[in-house]
Amino acid sequence: LGMAARAAALADAYVAEAYDVTSMYWNPAALVFLQNVSIVANHFQERDYDAMNENIAIPLLTSTDGALAISASVGHLGYIKPSSLAAEFRFIEYGFDIGFARTVVPSLSVGTIISLRYGESKISHLRVASSSFGVFYSTSPEISYGVAYEAVGSRIRYSYDASSTTLHRENSPRNLKLGAVLRLPSSSQRPVIIAAAANEKSFGERGLRYKAGLEVWPVTFLALRIGYQVDPGRAAARYGMGLRANRLQLDYAISLSREYDRFQQLSVSIAFWE
């Protein structure tokens, strides 16, 4: 489930983005090049079945040599509205992630993220672990490139048999992602236009997944975003906006297409230090 509203609005074309600590979910090597050192809290709600996820990500160490960050999350079927699912199909999943990045040369870094998950229902529980690896290359503040390989390990699948919810361990889908981000103008400390593009190959599936996103800051405190994702046989747009005031930033994203899960997402980031 979603981990950052800004990334969602840009269609998750985030493998070459080092915007804040949430970039580690797409490419942990980005932690060395963070533009905003802040704590980020996020809420995700899938609109059809009311599935939800809340998470918080915290950078612990940021330097030109290396970086470390942690994240905690909880996923569940919410109770804000009546669900079309049977009352017995209920679960809760707790997660913990730790990301680490190391500089190889001043413009190149490598990183890894280790993810632990614990899920439970009324009749069963399960623990799994997985990891992802990334490389981040930034030739200048205006352009960056990223490559990430995910996920090595297992994930939890939930099934309902008309009487109870059962948890199953399955191999995580393995994906290879490549992307680039362009920030303009080059003379600005805070770019006005950010364009992101990425493609993704899921091993065992045919074709590629293409992602692209555009962010525009018409004024210093407001960002408008749009993203587009194309899979074999389907495509959909996403939309979002951001509000910035000193050390506080609010980001919102929404997906309205039935080609993918419909969702809305809200993130809050606070910079407690420079």
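A nonpolar patch joins nonpolar side chains that lie within 5 Å of one another, from residues with over 30% relative accessible area and no salt bridge. With that in mind, welcome to this predicted model.

**The nonpolar patch.** V219, F221, L224, M241, L243, L248, L250, L266, I270 and F272 make a nonpolar surface patch of about 840 Å². Strands β13 (234–245), β14 and β15 (263–270) each supply at least two of the patch residues. One patch member, L248, lies in strand β14 and is partly exposed, with a relative accessible area of 39%.

**Along strand β14.** S255 also belongs to β14, which covers residues 248–255. S255 counts as buried because its relative accessibility is 2%, and buried means under 20%. Setting aside neighbours within four places in sequence, S255 is in contact with R47, A237, R238, D261, R262 and F263.

**Salt bridges.** The whole structure holds 15 salt bridges. Here are three of them:

| Pair | Closest N to O distance |
|---|---|
| R117 and E93 | 3.9 Å |
| R209 and E200 | 2.9 Å |
| D251 and R225 | 2.9 Å |

The D251 and R225 pair links distant parts of the chain, with D251 in strand β14 and R225 in strand β12 (residues 222–231), 26 residues apart. Both D251 and R225 are buried. Through shared partners, salt bridges join R6, E17, R183, E215, R225 and D251 into one network.

What about the other pairs in the table? R117 counts as buried at 18% relative accessibility. R209 is buried at 16%, and its partner E200 is buried at 6%.

Methods: Residues are numbered from 1 along each chain as its sequence is written. This is a predicted model: local features need pLDDT of at least 70, side-chain atom pairs count only at pLDDT 80 or more; totals for chains, interfaces and linings use all residues. Side-chain values use heavy atoms; hydrogens and water are left out. Helices (H or I, at least four residues) and strands (E, at least two) are DSSP runs, numbered from the N terminus. Buried means under 20% relative accessible area, exposed over 50%, partly exposed in between (1.4 Å probe, protein chains only). Contact means heavy atoms within 4.5 Å. Patches are made of residues with over 30% relative accessible area and no salt bridge: like charges are joined within 9 Å, nonpolar side chains (Val, Leu, Ile, Met, Phe, Trp, Tyr) within 5 Å. Accessible areas come from the Shrake-Rupley method with a 1.4 Å probe; for residues, only the protein chains shown count as cover. A salt bridge is a side-chain nitrogen of Lys or Arg within 4 Å of a carboxyl oxygen of Asp or Glu.
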